[in-house]
Each structure stands twice: as structure tokens, then as C-alpha cells.
Amino acid sequence: MIKVCGMTRPEDVRLCAEAGADLLGFIFHPASPRFVTPDFPASLEPEALGQARKVGVFVKESVVEVRHTLDEARLDYVQLHGGQDQKFCRSVGFERVIKVFWPERYASLDELAEDMARFADCALFLLDAGTSGGGHGRSLDFAALAKLDSPRPWLLAGGLGPKNVRAAVEACAKANLAGVDLNSGVESAPGLKDIEKVRTAIAACRR
Ligand SMILES: O=C(O)c1ccccc1N[C@@H]1O[C@H](COP(=O)(O)O)[C@@H](O)[C@H]1O
């Protein structure tokens, strides 16, 4: 599964979908250089999206705001990137939640897996580098995650691009990895996707 995040232009949506992205991310965090308003994903033609599903990324927004944007932007999933708790996930609908964890917050993989187990009703997990927020362009220690015992399939995020995504997939393949999230590593500038980088990274994942 490939997610390409930070869509800000209709042509990037079309090209990334054509390149084989399964999930396309739209960031509703106002401080992000990739910030968009709900009317952008709502305005996209089904032909441009193809089979790709729309994911909204939220950091500090309230449950009411997330639910409103979910409807207005016609999202398929919400990526909760702000440490939201189980009550929040339940209110949005577990089946629609991609719950983010930051492995660097935990003293061990076991502690991370224990916390993940508390969110086992969520649709998917996503692991990002750092200890909060996202879009930093920093990578996790892929080899260290190879032994993770995750109760749900998960997406690997954090500084992934054409040069490192294959190594990441190979390292985590046996740890219930569902796929990868490409963002700043496939851009020419923040919010502007470089389609050649996107195509090269997707090909590297799938070869
Ligand atoms: O990309 C952003 O600006 C962003 C802002 C706030 C929360 C999440 C954000 N992006 C997500 O961060 C990860 C990793 O991105 P990167 O590859 O390190 O650039 C990814 O899941 C994005 O969806």
C-alpha cells in the first residue's frame, strides 16, 4: 500500500493516482506548508482520483472539526497525527482512523506494542519519526522496527523517498508492514510533488 501525502495541486492528485498511489493525503493542519481547505479534496473529479482513497491529516483539530471536514471533504480516512486518545478515535469512527505513533517516544518496542494494542480497533497504524507532529523529513531506524509485534498492519512514514524506501520496506516486511507514506521525500518544494521522485519511489517499493 502506498500513501502519498500533502496534496495541494489537482495535477499532483491525478499524476500520483496514475502512478499507483492507493491513498492520497490532504493536510488540514494550518501550520503546515501543505495545508489545504476541505473544498480542495471535495472538488476533485472521480476520474482524477481513480482507485485512490482520500485521507485527511489532523493534528490539533477538535472531534467536531474533524467530523465536519470528513463530511465536507468527502474523506475515506482520517490520519490522527496529534496523539489523539481512544475516545477521540471512537467519536470519529475507529474504522476510519489511521492512528499515528512515534516510536521514539517509547523506551522499548514492547512499550510501543502495548500502546498500539489499546488502539487495536483502528483501521491502520502509522509510525513516524520524531516525538510529535510530522512532515519533518526525518527517518526512523528501519532495522530496529523489524522486530515490532504490531496488532494491526501499519504504514511507515518519515523522510521516505526514492533512495531509502526500498531498504525500509525490506527491513520491515516481516513486521506486519502494510505499506509506506511518501511526503517531503518526493517533493521539489514543500507541498509540490515531484512526479519523477514519486514514480521512482513507488517502483522501488513494488519491484
Ligand atoms: O507534512 C506535513 O506538513 C505534516 C504536518 C503535520 C502533521 C503531519 C504532516 N505530515 C505527515 O508526516 C509524516 C511524515 O512526513 P515526512 O515524510 O517526514 O515529510 C507523513 O505521514 C505525513 O502524512
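This passage describes the fold, two strand regions, selected loop residues and the ligand surroundings of a predicted model.

The overall picture comes first. The secondary structure of the chain amounts to nine helices and ten strands. The radius of gyration is 16 Å, close to the 17 Å that the globule rule gives for 207 residues, so the chain is as compact as a globular protein of that length. Taken along the principal axes, the box filled by the C-alpha atoms is roughly 45 × 40 × 30 Å. Of the 207 residues in the chain, 44% are buried. Contacts between residues at least 6 apart in sequence were also examined, and 63% of these join residues at least 24 apart.

Strand S3, residues 53–58, is a helpful place to begin a closer look. Five of its six residues are buried, so strand S3 is largely enclosed by the rest of the structure. On one pairing, strand S2 (residues 23–27) runs parallel to S3, and five bridges link the two. Within this pairing, phenylalanine 26 has glycine 56 of S3 as its bridge partner. Strand S3 is also joined to strand S4 (residues 77–80), again in the parallel sense, by four bridges. Glycine 56 appears here too, standing opposite valine 78 in S4. The path from S3 to S4 involves helix H4 (residues 63–72), and the three elements make a right-handed β-α-β unit.

Valine 57 gives a residue-level view of this strand, since its place is in S3. This valine counts as buried because it has 30 C-beta neighbours inside 10 Å, where 20 or more are needed for that class. Setting aside neighbours within four places in sequence, valine 57 is in contact with Cys5, Gly25, Phe26, Ile27, Phe28, His29, Gln79 and His81. Another spatial relationship links valine 57 with isoleucine 98: the two are 41 residues apart in sequence, and their C-alpha atoms are 9.1 Å apart.

Attention now turns to strand S6, residues 124–127, where both faces are covered. Leu124 and Leu126 lie on one side, Phe125 and Leu127 lie on the other, and all four are buried. Strand S6 pairs with strand S5 (residues 97–101) in the parallel sense over four bridges. In that pairing, leucine 127 of S6 is the bridge partner of phenylalanine 101. The connection from S5 to S6 passes through helix H6 (residues 109–117), and this β-α-β crossover is right-handed. Strand S7 (residues 154–156) runs parallel to S6 as well, with three bridges joining them. Phenylalanine 125 stands opposite tryptophan 154 of S7.

Several loop residues are also worth a look. Arginine 74 lies in the loop between H4 and S4, the same two elements that take part with S3 in the right-handed unit. Its phi is near 55°, a positive value in a residue other than glycine. With 14 other C-beta atoms within 10 Å, arginine 74 is partly exposed. Asparagine 176 is found in the loop between helix H8 (165–172) and strand S8 (177–182). The phi of asparagine 176 is near 65°, which is likewise positive in a residue other than glycine. Asparagine 176 is partly exposed, with 14 other C-beta atoms within 10 Å.

Aspartate 85 sits further along, in the loop between S4 and helix H5 (86–92). This aspartate counts as exposed because it has 11 C-beta neighbours inside 10 Å, and the exposed class covers residues with 12 or fewer. Aspartate 85 and arginine 118 are 33 residues apart along the chain, and a distance of 9.5 Å separates their C-alpha atoms.

The last part of the picture is the ligand. A shell of 25 residues surrounds the ligand, and the closest are Cys5, Ser32, Gly134, Gly135 and Ser184. By residue class, this shell divides into seven nonpolar, 15 polar and three charged residues. Cys5, one of the closest residues to the ligand, is also among the contacts of valine 57. Through Cys5, then, the description of the ligand shell meets that of the contacts made by valine 57, whose place is in strand S3.

Conventions. Residues are numbered from 1 along each chain as its sequence is written. This is a predicted model: local features need pLDDT of at least 70, side-chain atom pairs count only at pLDDT 80 or more; totals for chains, interfaces and linings use all residues. Two strands pair if DSSP finds at least two bridges between them. A crossover is right-handed if, with the strands pointing away from the viewer, the path from the first strand over the helix to the second runs clockwise. A residue is near a molecule or strand if its C-beta atom, placed from the backbone, lies within 6 Å of it. Ala, Val, Leu, Ile, Met, Phe, Trp, Tyr, Cys and Pro count as nonpolar, Asp, Glu, Lys and Arg as charged, and the others, Gly among them, as polar. The radius of gyration is taken over C-alpha atoms; the globule rule is 2.2 Å times the number of residues to the power 0.38. Two residues are in contact if their C-beta atoms, placed from the backbone, lie within 7 Å.
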